[in-house]
Amino acid sequence: RVLLNDSFIENASFSEQPGPEGKPVYDVQLDVTDEGRQRLWQFSRRQKGTQLLLVVDGIAIAAPRVRGEITQPQVTIKQIPDRGLVEDAVELINSLRKN
């Protein structure tokens, strides 16, 4: 089932972090709407430990696990190893918000 789609995301960005073996990894930050935050909170409080799938333009980008209640309007998906996928995903998400 779809928990959030692009209508619930206001902005996307990413940052580079040091990763294992000296290779960088990337964290994606998604700023979600109030309704998006509410949906994430409702889901996360009942589904701790569940794995989510971040899909952008039909491509799976990450599969983070829900570690606790998501209550903030910014969600961070950590340690994605492929910079190209991250850049493309962030660019596409932000371009959808401009339309």
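How many bridges join strand β2 to β5, and do the two run parallel or antiparallel? In the predicted model, β2 (residues 24–32) is joined to β5 by 5 bridges, and the two strands run antiparallel. Within this pair, V28 of β2 stands opposite I77 in β5.

The two strands belong to an open sheet of 3 strands, in which the order is β1-β2-β5 and the pairing is antiparallel. The edges are formed by β1 (9–18) and β5 (74–80); each has a single partner strand, so one side of each is left without a neighbour in the sheet. On average, and with direction ignored, neighbouring strands of this sheet are turned by 20° against each other. Helix α2 (residues 83–98) packs on the sheet and touches β1, β2 and β5. The direction of α2 makes about 160° with that of β1.

The largest pocket holds about 950 Å³ of space. Its lining comprises 31 residues, of which L52, L54, P64, V75 and I77 are the closest to the pocket centre. I77 is thus named twice, as the residue opposite V28 and as one of those closest to the centre of the largest pocket. At least two lining residues are supplied by each of β2, α1 (34–46), β3 (54–56), β5 and α2. The largest share of the lining, 5 residues, comes from β5, the edge strand that pairs with β2. By class, 21 of the lining residues are nonpolar, 4 are polar and 6 are charged.

Conventions: Residues are numbered from 1 along each chain as its sequence is written. This is a predicted model: local features need pLDDT of at least 70, side-chain atom pairs count only at pLDDT 80 or more; totals for chains, interfaces and linings use all residues. Side-chain values use heavy atoms; hydrogens and water are left out. Two strands pair if DSSP finds at least two bridges between them. Helices (H or I, at least four residues) and strands (E, at least two) are DSSP runs, numbered from the N terminus. Axes are lines fitted to C-alpha atoms, for helices over the stretch in contact, and angles run from 0 to 180 degrees between N-to-C directions. Contact means heavy atoms within 4.5 Å. On a 1 Å grid over the protein atoms alone, a cavity is a set of points where a 1.4 Å probe fits but cannot get out, and a pocket is an open set with protein on both sides within 12 Å along at least five of seven lines; lining residues have an atom within 4 Å of a point. Grid points are joined across faces, edges and corners, and a volume is the space filled by probe spheres set on the points. Ala, Val, Leu, Ile, Met, Phe, Trp, Tyr, Cys and Pro count as nonpolar, Asp, Glu, Lys and Arg as charged, and the others, Gly among them, as polar.
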